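Hi,

Here's the structure I said I'd pass along. Have a look at it first, and my notes on what turned up are underneath.

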Amino acid sequence: MEEDLFQLRQLPVVKFRRTGESSRSDEDVISGEHEIQIEGVRTELEPVELEDGAAVPKEFANPTDDTFMVEDAVEAIGFGKFQWKLSVITGLAWASNCYQDGRCYGNDDFKYPSSSASLGRHFSGVSQVVFVGMMSSSTLWGNISDQYGRKTGLKISVLWTLYYGILSGFAPVYSWILVLRGLVGFGIGGVPQSVTLYAEFLPMKARAKCILLIEVFWAIGTVFEVLLAVLVMPTLGWRWLLILSALPLLLFAVLCFWLPESARYDVLSGNQEKAIATLKRIATENGAPMPLGKLIISRQEDRGKMRDLFTPHFRWTTLLLWFIWFSNAFSYYGLVLLTTEFFQAGDVCSISSRRKEVKAKCSLTCEYLTEEDYTDLLWTTLSEFPGVLVTLWIIDRIGRKKTMALSFFVFSFCSLLLFLCVGRNVLTVLLFIARAFISGGFQAAYVYTPEVYPTATRALGLGTCSGMARVGALITPFIAQVMLESSVYLTLVVYSGCCLLAAVASCFLPIETKGRGLQESSHREWGQEMVGKGSHSPGVTRSNSGSQE
């Protein structure tokens with residue numbers, strides 16, 4: 001008898017769940033289960049702690065419980081054929097973004113030939129108009145993507161950009177070019193939302209690597225646009241360059257109809273059946289089984305609200321990220337402009353005297369970039385490929401915050417080394433390294449930002465950060481060109497100091513997102529999705545707009 005009792009004490013707790021339609025008490029509705037406890041047996045489960053960068057084990061990612069979340073399904077299905085297709089489509093959007101925003105042309109150094117003299121003299125401001133449009137629309141597109149869906153916002157912005165991108169090639173006068181390119185910029189402000197949609201379909205282990213590799217498409221787009229300019233500009237002119245540059249957007253617009261809506265968004269908006277259909281489609285394409293049980297719905301109606309970015313939990317994150325994105329764009333585009341200036345001068349020390357000569361010469365006529373100038377731009381652009389590889393290697397080892405901090409620090413250090421009046425070869429190496437790291441840091445910010453914000457404000461958070469980046473892009477010509485005429489050293493100090501502050505800001509970000517799941521509702525604790533299904537923290541209160549089914 002004593003032996004039987006001893007064996008009975010070793011048995012685990014047995015849980016019985018109701019599966020019928022019988023009436024349930026209020027307690028049953030909340031817990032959904034009854035427990036029979038045997039004296040002497042531990043009923044609490046010990047938490048399992050994962051090492052840094054470790055993948056979620058299959059037994060947790062594909063639960064045998066009767067409920068699961070989108071995070072569980074994405075982890076269980078894993079990376080496969082569907083994600084490969086999505087990577088190519090997102091990369092195409094990224095390359096198309098490069099074709100339209102003017103960065104590939106060397107910004108203010110790119111001159112469009114025209115029969116109108118005023119058009120040739122003033123077209124250098126067109127890229128700035130594009131940035132104004134991007135800055136003014138980024139937050140709006142983020143709000144639309146949170147309110148009405150990622151796919152909806154992305155399709156509208158792409159069709160908008162395609163229409164005005166082609167139309168700008170038929171502009172009769174300079175004023176019409178400014179208006180139409182400004183409208184192009186307004187549409188481009190929504191293209192970064194492709195990263196939001198992309199990130200929400202990626203399993204945790206592959207998320208950083210995949211978002212970083214999108215930068216490869218950006219670099220490829222840059223190279224092809226420069227080559228297109230070399231081939232088209234001398235023969236067909238700037239009108240055909242604008243029209244041909246819009247064609248990749250046409251392909252992306254067609255492929256957009258293949259894109260599914262984000263299952264995370266569908267869950268948050270209460271569309272359980274649509275979310276399940278999307279997950280089943282991904283599982284079928286990847287040849288992986290769906291998790292067992294019922295999908296948990298965390299409905300939240302008040303999505304895409306600016307106030308949610310400034311709750312006590314996200315206030316410092318938002319402010320620090322705004323400065324980090326500002327510094328990224330400010331330094332990246334500043335370096336693009338400085339590269340052309342430094343190469344034309346030969347070295348840093350002789351740039352002041354050369355600026356005077358160029359100023360006197362340009363008072364009479366404007367010069368177009370030569371084929372040799374485009375070749376220099378092409379070689380400097382290639383630095384972004386090793387930048388992606390370095391960032392790819394370190395981001396899952398040292399974390400997102402340290403990766404961004406390291407990128408800013410290396411850029412700042414290379415900027416200070418330019419004080420030494422180095423020759424052309426050393427100058428090229430320093431500019432190559434600086435651009436590699438600042439482009440890698442920019443891409444690391446694209447990894448961190450969608451990870452840190454919940455689904456309810458993820459698109460808005462990315463949109464506002466992108467808008468701050470455009471502010472930096474608008475300001476940087478006044479430093480890289482206007483201030484450069486007065487003092488090259490003061491210009492370098494500004495860029496170096498800004499990046500040092502951004503490195504400090506990266507270190508002070510409150511949340512490290514490496515190895516963490518994506519938060520769904522903004523009314524839940526950050527990372528609660530990875531704690532367990534059906535567990536409710538005692539300190540979390542539900543709002544009227546957030547419900548659990």
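Arginine 207 and glutamate 451 form a salt bridge through their side chains, at 3.3 Å from N to O. Arginine 207 sits in helix H11 (residues 204-232) and glutamate 451 in helix H21 (residues 424-452), so this pair ties together parts that are 244 residues apart in sequence. Keep in mind that this is a predicted model, so please read every distance here as computed from it.

Are the two partners buried or exposed? Arginine 207 is buried, with a relative accessible area of 0%. Glutamate 451 is buried as well, and its value is 1%.

Glutamate 451 has another partner too: its side chain meets that of arginine 400 in a salt bridge of 2.9 Å, N to O. Here the helices are H21 for glutamate 451 and H20 (residues 400-417) for arginine 400, so the bridge ties together parts that are 51 residues apart in sequence. Both of these residues are buried. When you follow the shared partners, Glu71, Arg207, Lys209, Arg264, Asp396, Arg400 and Glu451 all end up joined in one salt-bridge network.

Arginine 400 also bridges to aspartate 396, with 2.7 Å between N and O. What about cover in that pair? Arginine 400 is buried, at a relative accessible area of 1%, whereas aspartate 396 reaches 22% and therefore counts as partly exposed. The cut-off for buried is under 20%, so aspartate 396, at 22%, falls on the other side of it. In the whole structure there are eleven salt bridges.

Now the aromatics. How many aromatic pairs does the count come to? The total is 18. Take tyrosine 332 and tyrosine 333: their ring centres are 5.2 Å apart and the planes stand at 80 degrees, so this is an edge-to-face pair. Both tyrosines are buried. They also belong to a cluster in which ring pairs link Phe131, Trp325, Tyr332, Tyr333, Phe442 and Tyr446.

There is a charge over a ring as well: arginine 281 lies over the face of tryptophan 258, 4.9 Å from the ring centre.

On the surface, Val173, Trp176 and Val179 make a nonpolar patch of about 290 Å². Valine 179 belongs to helix H9 (residues 174-188), and its relative accessibility of 45% makes it partly exposed.

A few single residues, in case you want places to click on:

- Threonine 90 is in helix H5 (residues 81-101) and is buried, with a relative accessible area of 3%. Leaving aside residues up to four places away in sequence, threonine 90 touches Ser194, Tyr198 and Ile214.
- Alanine 456 is in the loop between H21 and helix H22 (458-486), buried at a relative accessible area of 0%. Its C-alpha is 4.8 Å from that of arginine 303, although the two are 153 residues apart along the chain.
- Valine 493 is in helix H23 (residues 488-507) and counts as partly exposed, at 42% relative accessibility. From valine 493 to leucine 416 it is 7.3 Å, C-alpha to C-alpha, with 77 residues of sequence separation.

Stepping back to the chain as a whole, the secondary structure comes to 23 helices and six strands. The chain has 549 residues, and 54% of them count as buried. About 24300 Å² of the chain is exposed, with carbon and sulfur atoms supplying 63% of that area. As for contacts, of those between residues at least 6 apart in sequence, 81% join residues at least 24 apart.

If you only open one spot, I'd go for glutamate 451, since you get the bridge to arginine 207 and the one to arginine 400 in a single view.

Cheers

Methods
Residues are numbered from 1 along each chain as its sequence is written. This is a predicted model: local features need pLDDT of at least 70, side-chain atom pairs count only at pLDDT 80 or more; totals for chains, interfaces and linings use all residues. Side-chain values use heavy atoms; hydrogens and water are left out. Patches are made of residues with over 30% relative accessible area and no salt bridge: like charges are joined within 9 Å, nonpolar side chains (Val, Leu, Ile, Met, Phe, Trp, Tyr) within 5 Å. Accessible areas come from the Shrake-Rupley method with a 1.4 Å probe; for residues, only the protein chains shown count as cover. A salt bridge is a side-chain nitrogen of Lys or Arg within 4 Å of a carboxyl oxygen of Asp or Glu. Helices (H or I, at least four residues) and strands (E, at least two) are DSSP runs, numbered from the N terminus. Buried means under 20% relative accessible area, exposed over 50%, partly exposed in between (1.4 Å probe, protein chains only). Contact means heavy atoms within 4.5 Å. Rings of Phe, Tyr and Trp (its six-membered ring) pair if their centres lie within 6.5 Å; planes under 30 degrees apart count as stacked, over 60 as edge-to-face and the rest as tilted. A charge sits over a ring if NZ of Lys or CZ of Arg is within 6 Å of the ring centre and within 35 degrees of the ring normal.
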